[in-house]
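Here are my notes on the model you sent, set out as numbered points. Please read them with the structure open beside you.

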Amino acid sequence: MRLMHDRKEVALSEQWNPDGLVPKAEKRLDMHRNRQHLFTCYHSTNVKWLVESDNDMSYKVDLDKKSCACGAWEVGGIPCVHVMAVIFPMGHDDNRYVD
Ligand SMILES: [Zn+2]
């Protein structure tokens with residue numbers, strides 16, 4: 001019984017951090033933070049942006065609607081790298097944009 005309890009404790013401590021994100025989500029956010037500099041951002045308003053990658057792909061980001069043209073933000077609930085390219089340089093807390 002004790003062993004099961006210990007395993008549960010370990011599992012809980014590995015799954016959650018104080019911000020409430022599971023490690024997998026935090027890892028993905030980190031990856032997006034590390035790659036955000038690869039994109040160039042142009043804004044039409046404070047919340048609507050066009051994010052361009054090196055290979056000439058571009059993505060429309062709407063911070064109010066929590067949407068990106070790549071679709072990953074809506075599906076995963078975690079800001080994609082395009083959103084990160086917008087919010088990271090502004091110093092926004094990316095946890096604010098996690099659903
Ligand atoms: Zn995206």
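1. Which residue takes a positive phi in the hairpin of S2 and S3? In this predicted model, the residue is Asp56, whose phi is near 65° in a hairpin that has five residues between the strands. Asp56 is found in the loop between S2 and S3, and the positive value is one to look at by eye, as it occurs in a residue other than glycine. Asp56 counts as exposed because its C-beta has 6 C-beta neighbours inside 10 Å.

2. A second positive phi belongs to Lys66, again a residue other than glycine, with a value near 50°. Lys66 is found in the loop between S3 and S4, and with 15 C-beta neighbours inside 10 Å it counts as partly exposed.

3. As for the overall layout, the protein chain contains four helices and four strands, and these follow one another along the sequence in the pattern α-α-β-β-β-β-α-α. Of the 99 residues in the protein chain, 21% are buried. Among the contacts between residues at least 6 apart in sequence, 32% join residues at least 24 apart.

4. The four strands form an open sheet in the order S1-S2-S3-S4, with antiparallel pairing. S1 and S4 (67-68) stand at the edges, each with a single partner strand, so one side of each is left without a neighbour in the sheet.

5. The pairing can be followed strand by strand. S1 (residues 40-43) pairs with S2 in the antiparallel sense over four bridges, and a hairpin of four residues joins the two strands. Within this pair, Thr40 stands opposite Glu52 in S2, while His43 stands opposite Trp49 in S2. S2 and S3 (residues 58-62) are also antiparallel, here over five bridges, and Glu52 stands opposite Ser58 in S3. Glu52 therefore serves as a useful landmark when tracing the sheet, with Thr40 opposite in S1 and Ser58 opposite in S3. 

6. S3 and S4 pair in the antiparallel sense over two bridges, and here Val61 stands opposite Cys68 in S4.

7. What do the side chains of S2 (residues 48-52) do along the strand? They alternate, with Trp49 and Val51 pointing to one face, where they are buried, whereas Lys48, Leu50 and Glu52 point to the other face and are not buried. In soluble globular proteins, nonpolar side chains tend to be buried together.

8. The largest nonpolar core has 15 residues, and those with the most contacts inside it are Val51, Val61, Cys68, Val83, Ala85 and Val86. S2, S3 and helix H4 (81-87) are the elements that give two or more residues to this core, and H4 supplies the largest share, with six residues.

9. Val86 shows how distant parts of the sequence come into contact: leaving aside its neighbours within four places in sequence, Val86 is in contact with Cys41, Trp49, Val51, Val61 and Leu63. Two of these partners, Trp49 and Val51, are the residues that point to the buried face of S2.

10. Is Leu29, whose place is in helix H2 (residues 23-35), buried or exposed? Leu29 counts as buried because it has 20 C-beta neighbours inside 10 Å, and the cut-off for a buried residue is 20 or more. Leaving aside its neighbours within four places in sequence, Leu29 is in contact with Ile78 and Asp94. Leu29 and Val81 are 52 residues apart in sequence, and their C-alpha atoms are 8.2 Å apart in space.

11. On annotation, UniProt places the feature "domain: SWIM-type" at residues 59-91, and the entry is unreviewed. Over residues 59-91 the chain is 36% helix and 18% strand, and the end C-alpha atoms are 21 Å apart.

Key: Residues numbered from 1 in each chain as written. Predicted model: local features only at pLDDT ≥ 70, side-chain atom pairs only at ≥ 80, totals over all residues. Buried ≥ 20, exposed ≤ 12 C-beta atoms within 10 Å, placed from the backbone. Pairing = 2+ DSSP bridges. UniProt positions renumbered as here; feature names shortened; annotations may be inferred. Contact = placed C-beta atoms within 7 Å. Core = buried A, V, L, I, M, F, W, Y, C linked by C-beta atoms within 7 Å.
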